[in-house]
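Biologist: Please take one strand of this model and go through it closely, following its surroundings outward as far as the contacts carry. I would like the cut-offs stated as you go.

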Amino acid sequence: QVQLAESGGGLVQAGGSLRLSCAASGSFGIFFSINDMGWYRQAPGKQRELVAGISSGGSTNYADSVKGRFTISRDNGKKVVYLQMNSLKPEDTAVYYCNRGGSTWREYHYWGQGTQVTVSS
């Protein structure tokens with residue numbers, strides 16, 4: 001049962017933009033509006049990292065590497081969290097995942113299939 005479905009990735013040239021979406025269902029959907037959410041990414045040979053987070057109240061935080069270029073947002077009615085990515089760089093190439101936010105995210109067992117973002121130079 002898919003509970004977090006990421007989409008919107010693709011191949012883009014450096015300087016381009018993409019908008020990722022993550023639709024929540026099942027238990028993630030039921031509690032979506034009260035959960036902090038986050039976007040994460042994992043590049044080949046590297047550990048998964050937090051890219052951006054958004055609280056249930058709409059407060060946001062970003063990794064230093066994406067500040068000023070990425071914007072996270074959410075639509076509680078649609079149970080979707082978005083990541084607008086502008087001025088993309090080759091180092092942004094990774095599989096992007098969404099999940100709940102919070103300081104214990106590294107311990108989460110469930111992860112969706114992710115969406116591949118490839119930025120060419």
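**Strand β8 and its surroundings**

Modeller: Methionine 85 has a relative accessible area of 0% and is therefore buried, where buried stands for under 20% relative accessible area, exposed for over 50% and partly exposed for what lies in between, computed with a 1.4 Å probe on protein chains only. The model is a predicted one, in which local features need pLDDT of at least 70 and side-chain atom pairs count only at pLDDT 80 or more, whereas totals for chains, interfaces and linings use all residues. Residues are numbered from 1 along each chain as its sequence is written, and side-chain values rest on heavy atoms, with hydrogens and water left out.

Methionine 85 belongs to strand β8, strands being DSSP runs of E with at least two residues and helices DSSP runs of H or I with at least four, both numbered from the N terminus. The strand as a whole is mostly covered, with five of its six residues buried. If neighbours within four places in sequence are set aside, methionine 85 is in contact with Gly16, Ser17, Leu18, Leu20, Arg69, Phe70, Tyr96 and Val117, a contact being a case of heavy atoms within 4.5 Å. Between the C-alpha atoms of methionine 85 and isoleucine 72 the distance is 8.8 Å, while 13 residues separate the two in sequence.

β8 takes its place in an open sheet of four strands, ordered β1-β3-β8-β7 and paired in the antiparallel sense; two strands count as paired if DSSP finds at least two bridges between them. At the edges stand β1 (4–7) and β7 (70–75), each with a single partner strand, so that one side of each has no neighbour in the sheet. Direction ignored, neighbouring strands of this sheet are turned against each other by 15 degrees on average, the axes being lines fitted to C-alpha atoms, for helices over the stretch in contact, with angles running from 0 to 180 degrees between N-to-C directions.

On one flank, β8 (residues 80–85) runs antiparallel to β3 (residues 18–24), to which six bridges join it. Within this pairing, alanine 23 has valine 80 as its bridge partner in β8, and serine 21 stands opposite tyrosine 82. The pairing of β8 with β7 is likewise antiparallel, and it extends over six bridges. Tyrosine 82 appears here too, as the partner in β8 of serine 73. In the hairpin of β7 and β8, four residues lie between the strands, and lysine 79 takes a positive phi near 60 degrees.

The partner strand β3 leads on to the disulfide, and a search of the whole structure finds one, a disulfide being a pair of cysteine sulfur atoms within 2.5 Å. It is formed by cysteine 22 and cysteine 98, whose sulfur atoms are 1.7 Å apart. Distant parts of the chain are linked in this way, since cysteine 22 lies in strand β3 and cysteine 98 in strand β9, 76 residues apart. Cysteine 22 is buried at a relative accessible area of 1%, and cysteine 98 also counts as buried, at 0% relative accessibility.

Beyond β8 the chain enters the loop between β8 and β9 (94–100), where aspartate 92 has its place. With residues up to four places away in sequence not counted, aspartate 92 touches Arg41, Arg69, Phe70, Ser87, Val117 and Val119. The side chains of aspartate 92 and arginine 69 meet in a salt bridge (2.8 Å, N to O), that is, a side-chain nitrogen of Lys or Arg within 4 Å of a carboxyl oxygen of Asp or Glu. This pair, too, links distant parts of the chain, with aspartate 92 in the loop between β8 and β9 and arginine 69 in the loop between β6 (60–62) and β7, 23 residues apart. Aspartate 92 counts as buried at 1% relative accessibility, and arginine 69 is buried with a relative accessible area of 9%. Salt bridges that share partners join Arg41, Glu49, Arg69 and Asp92 into one network. In it, glutamate 49 forms a salt bridge with arginine 41, the closest N and O atoms being 2.7 Å apart; arginine 41 is buried at a relative accessible area of 6%, whereas glutamate 49 is partly exposed at 33%.
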